[in-house]
Amino acid sequence: SFDSNVRDLFVAKMCPTCCPRTPVLRIARSGGNIVLSWDSPCCHLESTTNLFGEPVIWSYVGNTSPVTPQNLGNQSHFFRLACP
């Protein structure tokens with residue numbers, strides 16, 4: 001769910017050379033949720049709650065656009081597009 005008190009959102013993406021073009025990650029609100037979509041079928045979505053760990057642990061979210069992440073809670077979540 002989307003917390004109405006949250007004002008900042010950070011998106012990390014990588015994939016400048018593996019696809020025919022650089023993909024674009026779009027973020028939209030849908031009710032109390034966020035919907036993430038992208039325009040490149042060769043990428044998949046990953047997320048993490050901590051960018052400062054060594055190493056940063058990214059978790060697979062989905063490979064088909066769009067994705068509506070569930071149970072985000074009150075933690076920060078960071079998303080990126082990655083290629084296989």
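Let's start in the middle: the largest nonpolar core of this predicted model is built from eleven residues, namely Leu-25, Ile-34, Leu-36, Trp-38, Cys-43, Leu-45, Val-67, Leu-72, Phe-79, Leu-81 and Cys-83. Strand E2 gives the largest share of this core, three residues. Both E2 and E5 supply at least two residues each. As background, nonpolar side chains in soluble globular proteins tend to be buried together.

Now for a proline that sits against some of those residues. Pro-69 is found in the loop that runs between strand E4 (59-62) and strand E5 (78-82). Is Pro-69 buried or exposed? Pro-69 counts as buried, because its relative accessibility is 7%, under the 20% cut-off. Leaving aside residues up to four places away in sequence, Pro-69 touches Ile-34, Leu-36 and Phe-79, and those three residues are also listed in the largest nonpolar core. Take Leu-36: it lies 33 residues from Pro-69 in sequence, yet the two C-alpha atoms are 8.1 Å apart in space.

On to the charged side chains. How many salt bridges does a search of the whole structure find? The search turns up two, and here they are:

| Salt bridge | N to O distance | Separation in sequence |
|---|---|---|
| Asp-39 with Arg-26 | 3.9 Å | 13 residues |
| Glu-46 with Arg-80 | 2.6 Å | 34 residues |

The Glu-46 and Arg-80 pair links distant parts of the chain, with Glu-46 in strand E3 and Arg-80 in strand E5. Glu-46 is buried because its relative accessible area is 12%, and Arg-80 is buried too, at 17%.

The side chains of Asp-39 and Arg-26 meet in a salt bridge as well. That pair also links distant parts of the chain: Asp-39 is in the loop between strand E2 (33-38) and E3, while Arg-26 is in strand E1 (residues 25-30). Asp-39 is partly exposed, with a relative accessible area of 24%. Arg-26 counts as partly exposed at 42% relative accessibility.

Finally, a word on confidence. The mean pLDDT of the protein chain is 75, and 71% of its residues reach 70 or more. Among the elements of the chain, strand E3 (residues 44-48) has the highest mean pLDDT, at 88, and E5 has the lowest, at 84. Where pLDDT is low, the predicted coordinates should not be read in detail.

Key:
Residues numbered from 1 in each chain as written. Predicted model: local features only at pLDDT ≥ 70, side-chain atom pairs only at ≥ 80, totals over all residues. Heavy atoms only, no water. Helix = DSSP H or I, 4+ residues; strand = E, 2+ residues; numbered from the N terminus. Buried < 20%, exposed > 50% of the residue type's maximum accessible area, 1.4 Å probe, protein only. Contact = heavy atoms within 4.5 Å. pLDDT = per-residue confidence, 0-100. Salt bridge = Lys/Arg side-chain N within 4 Å of Asp/Glu carboxyl O. Core = buried A, V, L, I, M, F, W, Y, C linked by side-chain atoms within 4.5 Å.
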